[in-house]
Amino acid sequence: MCSSARRTHPRNIRSSACAVKAFLLAAGIGSRLRPLTDRVPKCLVPVAGEPLLERWFRELLRVGVKDVLVNTHHLAEAVQRYVQTRPDDGLVVHLAHEPRLLGSAGTVREHRGFVQGEKAFFIVYADNLTDVRLDHMLAFHRDRGSRFTMGVFDTSEPGECGIATLDRDGRVISFVEKPRQPQGSLANAGLYISDPTIVDAIPDRTPTDFGHDVLPGLVGHMYGYPIRGFFRDLGTPERLESARAHWAGRERVRP
């Protein structure tokens, strides 16, 4: 088991014996959720009395993740205080502050040493809420010998998302970020499993985004994992309130 820590400078991180690590991308400003996010970082917005960040910590621990790198930017001090005071459950949380946002892919490129030597790792957008089984997604990724697996969900707003088309085996055969004329409704969920070679596909510029700058180049070389249950991007007040209503009083029983 990995040792426990509150905060480690990411440049000093070395690969551990844990099977899987995770990037938890939490640096977003959350401008569409203002005024709430003027005082609360987006990743700490509560649903059913629990911050989104903590929900992801729990789900990642459930599948054996012991090392998580969380990037910060807006209200970074609040995230640091939260991490330093949460209960010791064996999860090692590394905080990586970004004075200038690096972009979703830029964060992974900057901290490539965190996952050096790993066979697979998660990349998670912390502002999403879902009941997806991460262990099932990881099994899907491994069964296909995938280099990169993207969670996808059925959206009613395909023009606002990255849209993928899959073949019968789940291989992504097309991907367009926010298409003007969507050819389908399977959207990028901001939930990935990758191997370290993904860094070679990330352009050397800042900021760099997975949807715009990386995923189109992986068409034919990545798989899509359909999320059949609940998934919601909590980027607007309407989506946040809808998710809170759905989640209220919900019991989640897992084996």
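1. Low-confidence ends. Residues 1-18 keep a pLDDT under 50, and the model has 50 contacts beyond four places in sequence for them. Residues 251-255 also stay under 50, with 11 contacts beyond four places in sequence. This is a predicted model. Where pLDDT is low, the predicted coordinates should not be read in detail.

2. Overall confidence. The protein chain averages a pLDDT of 83. Of the residues, 85% score at least 70.

3. Strand E6. E6 covers residues 120-125 and is mostly covered, with 6 of its 6 residues buried. In a regular strand the side chains alternate between the two faces of the sheet. In E6, Ala120, Phe122 and Val124 point one way. Phe121, Ile123 and Tyr125 point the other way. Residues pointing either way are buried.

4. Neighbours of E6. Which strand pairs with E6 in the parallel sense? Strand E1, residues 20-25, does, over 6 bridges. There, leucine 24 has valine 124 of E6 as its bridge partner. E6 also pairs with strand E11, residues 186-194, in the antiparallel sense over 4 bridges. In that pairing, phenylalanine 121 has serine 194 of E11 as its bridge partner. Valine 124 stands opposite leucine 191 in E11. Valine 124 thus appears in both pairings: it is the bridge partner of leucine 24, and it stands opposite leucine 191.

5. Strand E11 and its other partners. E11 is mostly covered, with 8 of its 9 residues buried. Besides the pairing with E6, strand E8 (residues 148-154) pairs with E11 in the antiparallel sense over 6 bridges. Threonine 149 has isoleucine 193 of E11 as its bridge partner. Strand E9 (residues 162-166) pairs with E11 too, antiparallel, over 2 bridges. Here alanine 164 stands opposite leucine 186 in E11.

6. Asparagine 188. This residue is found in strand E11. Is asparagine 188 buried or exposed? Its relative accessible area is 16%. The cut-off for buried is under 20%, so asparagine 188 counts as buried. Its side chain makes a polar contact with the side chain of tyrosine 192, at 2.9 Å. Leaving out residues up to four places away in sequence, asparagine 188 touches Met150, Gly151, Phe153, Gly162, Phe175 and Leu215.

7. Aromatic pairs. How many aromatic pairs are there? The count comes to 9. Take phenylalanine 23 and phenylalanine 114: their ring centres are 5.3 Å apart and their planes stand at 75°. Edge-to-face requires planes over 60 degrees apart, so this pair is edge-to-face. Phenylalanine 23 lies in strand E1, and phenylalanine 114 lies in the loop between helix H3 (104-110) and E6. The pair links distant parts of the chain, 91 residues apart. Both phenylalanine 23 and phenylalanine 114 are buried.

8. A second ring pair. Phenylalanine 140 and tyrosine 223 are edge-to-face, with 6.4 Å centre to centre and 80° between the planes. Phenylalanine 140 sits in helix H4 (residues 134-143) and tyrosine 223 in strand E12 (residues 223-226), so the pair ties together parts that are 83 residues apart in sequence. Both residues, phenylalanine 140 and tyrosine 223, are buried.

9. A ring cluster. Which residues do ring pairs link into a cluster? They are Tyr125, Phe148, Tyr192 and Phe210. Tyr125 is one of the buried residues of E6. Tyrosine 192 is also the polar-contact partner of asparagine 188.

10. Helix H1. H1 spans residues 52-62 and is mostly covered: 9 of its 11 residues are buried. Those buried residues are Leu52, Leu53, Glu54, Arg55, Trp56, Phe57, Glu59, Leu60 and Leu61. The list includes charged side-chain names as well, Glu54, Arg55 and Glu59 among them. Just after H1, glycine 64 takes a positive phi of about 95°.

11. Cysteines. The structure holds 0 disulfides. Cysteine 43 has a relative accessible area of 2%, so cysteine 43 is buried. Cysteine 161 counts as buried too, at 15% relative accessibility.

Notes. Residues are numbered from 1 along each chain as its sequence is written. Side-chain values use heavy atoms; hydrogens and water are left out. Buried means under 20% relative accessible area, exposed over 50%, partly exposed in between (1.4 Å probe, protein chains only). Two strands pair if DSSP finds at least two bridges between them. Rings of Phe, Tyr and Trp (its six-membered ring) pair if their centres lie within 6.5 Å; planes under 30 degrees apart count as stacked, over 60 as edge-to-face and the rest as tilted. pLDDT is the predictor's confidence in each residue, from 0 to 100. Contact means heavy atoms within 4.5 Å. A disulfide is a pair of cysteine sulfur atoms within 2.5 Å. A polar contact is a pair of N or O atoms within 3.5 Å; within protein, one must be able to donate a hydrogen and the other to accept it, and residues adjacent in sequence count only if both atoms are side-chain atoms.
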